[in-house]
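Work through the following exercises with the sequence and the model side by side. Each task is followed by a solution that goes step by step.

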Amino acid sequence: MLNWRAMNATTPDRETAPPRRVSLVLHPRRDVQVAIDQVTAWAQRTGTELAAVEDERLPAGVRRCDIGELADGCDIVLALGGDGTMLGGLRLAAPLGVPVLGANLGRLGYLTEVDGEHLPEGLEALSAGAFAVEERFVLRARWEQDGIRREHVAFNDVVLSRVPGRGQALLALHVDGQLLVRYASDGVIAATPAGSTAYSYAAGGPIVSPQTRAMIVTPDAPHGLFNRAVVLGDEESLGVEVLPSSAPVAVEVDGQLLVEAEPGWNVEVTPNPWSALVVRLGSAGFAERARRKLGITDPAALANFDFAGHER
């Protein structure tokens, strides 16, 4: 069994009191029954109150509540599924300052903290107070739609992308109101550090430690001499204008399609005034997590080299 308390010996804690009230967010389609059984058995043994939105997979001992009340008054939100479930948990919990623990019950699960096979050990860590709570930088996107000012929070990214078959996206990027660049492209991604390993990474953007407070702006297949990602500080804003000769552009926030923007449309992406909170178990840092979850490997030529100047 993993010794989470020992692994946390050097990890700074924000709040490590064992949770007494835990709310569950479940993947809507994935088979999470084993995880539910593990969580409910743990809760009964430790006297932890569980709450969740009505779901036939849940036993009678879990208190039912409306989705708007799910994170209200709880100590931790436990997201059982994958990255999408984790994002759903953050949308509910982060505005209330409640930390989220993500359990990956699927494939990659980069945002989640514990794999399904180690969920029992993770639950024991909660009971022992052997965990840390870390802040995550969040973005906010604002635009006007049908005469109404819209506002959406992004834990991963804000993406503008061309609509297939409709032509290229012609965009102008402004930083704090000053023009940076105009280009034709497949789109642009404004990502948080946590979201730098998602669409931004696929478009050639940098991998950024989630403890960084910055916005990563990455063009997607740009046509022009300027084709680099730009990193903005935590007090700078990004403005994106869809130029008059552009094709329509799809706008997504954390993978959710929200609007199809026409030429002349503008969006402002700024740092969000409050951070998201996530539960950390163990002492694995950014580098170890990146190697494991992104499958980073060393060149074959280094496999037999001990870095002391000698071949093995």
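Two strands are taken to pair if DSSP finds at least two bridges between them, and strands (E, at least two residues) and helices (H or I, at least four residues) are DSSP runs, numbered from the N terminus. The model is a predicted one, in which local features need pLDDT of at least 70 and side-chain atom pairs count only at pLDDT 80 or more, while totals for chains, interfaces and linings use all residues. Residues are numbered from 1 along each chain as its sequence is written, and side-chain values use heavy atoms, with hydrogens and water left out.

**Exercise 1. The open sheet**

Task: Establish in which order the six strands of the open sheet are arranged, and which strands stand at its edges.

Solution. Begin with the order, which reads E9-E8-E19-E16-E11-E12, with antiparallel pairing. Next, look at the two ends: strand E9 (148–154) and strand E12 (178–185) each have a single partner strand, so one side of each is left without a neighbour in the sheet. From one strand to the next, the twist averages 20°, where axes are lines fitted to C-alpha atoms (for helices over the stretch in contact) and angles run from 0 to 180 degrees between N-to-C directions. Finally, take one pair inside this order: strand E11 (residues 169–175) and strand E16 (residues 238–242) run antiparallel and are joined by five bridges, with Val 175 standing opposite Leu 238 in E16.

**Exercise 2. The buried residues of a helix**

Task: Find which residues of helix H3 are buried, and which strands they pack against.

Solution. Apply the cut-offs first: buried means under 20% relative accessible area, exposed over 50%, and partly exposed in between (1.4 Å probe, protein chains only). In helix H3 (residues 83–93), the buried residues are Thr 85, Met 86, Leu 87, Gly 88, Gly 89, Leu 90 and Ala 93. Then follow their contacts (heavy atoms within 4.5 Å), which show these residues packing against strand E1 (21–26), strand E4 (76–81), strand E5 (100–104) and strand E20 (276–280).

**Exercise 3. Positive phi outside glycine**

Task: Decide whether Ala 221 is buried or partly exposed, and whether Asp 254 is buried or partly exposed.

Solution. Ala 221, in the loop between E14 and strand E15 (230–232), has a phi near 50°, a positive value in a residue other than glycine. Its relative accessibility is 36%, and Ala 221 therefore counts as partly exposed. Asp 254 likewise has a positive phi, near 50°, and is found in the loop between strand E17 (249–253) and strand E18 (256–261). Because its relative accessibility is 10%, Asp 254 counts as buried.

**Exercise 4. Salt bridges**

Task: Determine how many salt bridges a search of the whole structure finds, and examine the pairs of Glu 134 and of Arg 162.

Solution. The criterion is a side-chain nitrogen of Lys or Arg within 4 Å of a carboxyl oxygen of Asp or Glu, and the search finds 13 such bridges. Glu 134 and Arg 136 meet at 3.1 Å, N to O; Glu 134 is buried at 14%, and Arg 136 is buried at 13%. Both belong to a network of salt bridges that also links Glu 113 and Arg 280. Arg 162 forms a salt bridge with Asp 186, the closest N and O atoms being 2.9 Å apart. This pair links distant parts of the chain, 24 residues apart, with Arg 162 in strand E10 (residues 157–162) and Asp 186 in the loop between E12 and strand E13 (187–191). Arg 162 is partly exposed at 31%, and Asp 186 is partly exposed at 25%.
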